[in-house]
Amino acid sequence: MKKIKFDIKKLKKLDKKKCFICKNQINKENIIYENNEIIAFLDLYPPTKGYILVATKKHIEEVTELSENEYLNLQKILFKISKAIKKAFNPKRIYILKTGDLVAHLHFHIMPIYNINNNFTDILLKKSIIKLSKEERKNITSEIKELIE
Ligand SMILES: [Zn+2]
């Protein structure tokens, strides 16, 4: 897949008050999984194939704001999606991370790693992203979606 240079500063300019998750700006075609509490979708600027964000529907910022059950349900979804990504694209590793620098709304990153010689921070900082057509995004979404058990 074609990699292109990316400048994360582009994302840093996002208005933090305009939370894109709450504003429901997630393209329906990129939704991998959804229930009453959780939504999972393809990252708009994916550094690797199958890079997924998993967010709570309510705007909270920390896992400590969830009940134990809500947290465990969220982890269950991360587990199921990770399994589906492994089956679909067979990455060498799958990293799961929660940050909150650019978008404070609670979300986890599921990061498929295909080349373990890659610098993890380069992926995290999105030094480059893969260029995907609308069609490719749709295919990645449905491939993962179909494999979620
Ligand atoms: Zn939000």
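**Close-up views of the predicted model**

**Figure 1. A cross-strand pair in the predicted model places A40 opposite V54 of strand 4.** Strand 4 spans residues 52-56 and runs antiparallel to strand 3, residues 38-42, with five bridges joining the two. A second pair in this view is formed by I38, which faces T56 of strand 4. V54 also stands opposite F108, a residue of strand 6. Strands 4 and 6 are paired in the antiparallel sense over four bridges.

**Figure 2. Strand 4 is covered on both faces.** I52, V54 and T56 lie on one side of the strand, L53 and A55 lie on the other, and all of them are buried. Five of the five residues of strand 4 are thus in the buried class. Across the protein chain, by contrast, 23% of the 149 residues count as buried.

**Figure 3. Five strands are arranged as an open antiparallel sheet.** The strand order is 2-3-4-6-5. Strand 2 (31-34) and strand 5 (93-98) occupy the edges; each has a single partner strand, so one side of each is left without a neighbour in the sheet. On average, neighbouring strands of the sheet are turned by 15° against each other, direction ignored.

**Figure 4. Helix 2 lies across the strands of the sheet.** The helix comprises residues 68-89 and lies across strands 2, 3, 4, 5 and 6, running at about 20° to strand 6 (107-113). Its 22 residues reach 31 Å from the first C-alpha to the last, close to the 32 Å expected at 1.5 Å a residue. Just after helix 2, N90 adopts a positive phi of about 45°.

**Figure 5. Helix 2 has buried residues along one face and exposed residues on the other side.** The buried positions are L74, I77, L78, I81, S82, A84 and I85. Viewed down the helix axis, these buried residues fall within an arc of 165°, so they line one face of the helix. Their packing partners are strands 2, 3, 4, 5 and 6, together with helix 4 (134-147). On the other side of helix 2, the exposed residues are E68, N69, L72, K76 and F79.

**Figure 6. A84 of helix 2 touches residues I144, L147 and I148.** A84 counts as buried because 22 C-beta neighbours lie inside 10 Å, the threshold for this class being 20 or more. The contacts with I144, L147 and I148 exclude residues up to four places away in sequence. A84 and E149 are 65 residues apart in sequence, yet their C-alpha atoms are 7.8 Å apart in space.

**Figure 7. The protein chain as a whole contains four helices and seven strands.** From the N terminus, the elements follow the order β-α-β-β-β-α-β-β-α-β-α. The radius of gyration is 15 Å, close to the 15 Å given by the globule rule for 149 residues, so the chain is as compact as a globular protein of that length. Along the principal axes, the C-alpha atoms fill a box of roughly 40 × 35 × 30 Å. Among contacts with a separation of 6 or more, 67% join residues 24 or more positions apart.

Definitions and conventions:
Residues numbered from 1 in each chain as written. Predicted model: local features only at pLDDT ≥ 70, side-chain atom pairs only at ≥ 80, totals over all residues. Rg over C-alpha atoms; globule rule 2.2 N^0.38 Å. Buried ≥ 20, exposed ≤ 12 C-beta atoms within 10 Å, placed from the backbone. Contact = placed C-beta atoms within 7 Å. Pairing = 2+ DSSP bridges. Axes fitted to C-alpha atoms, helices over the stretch in contact; angles between N-to-C directions. Expected span 1.5 Å × (residues − 1). Arc of directions from axis to C-beta.
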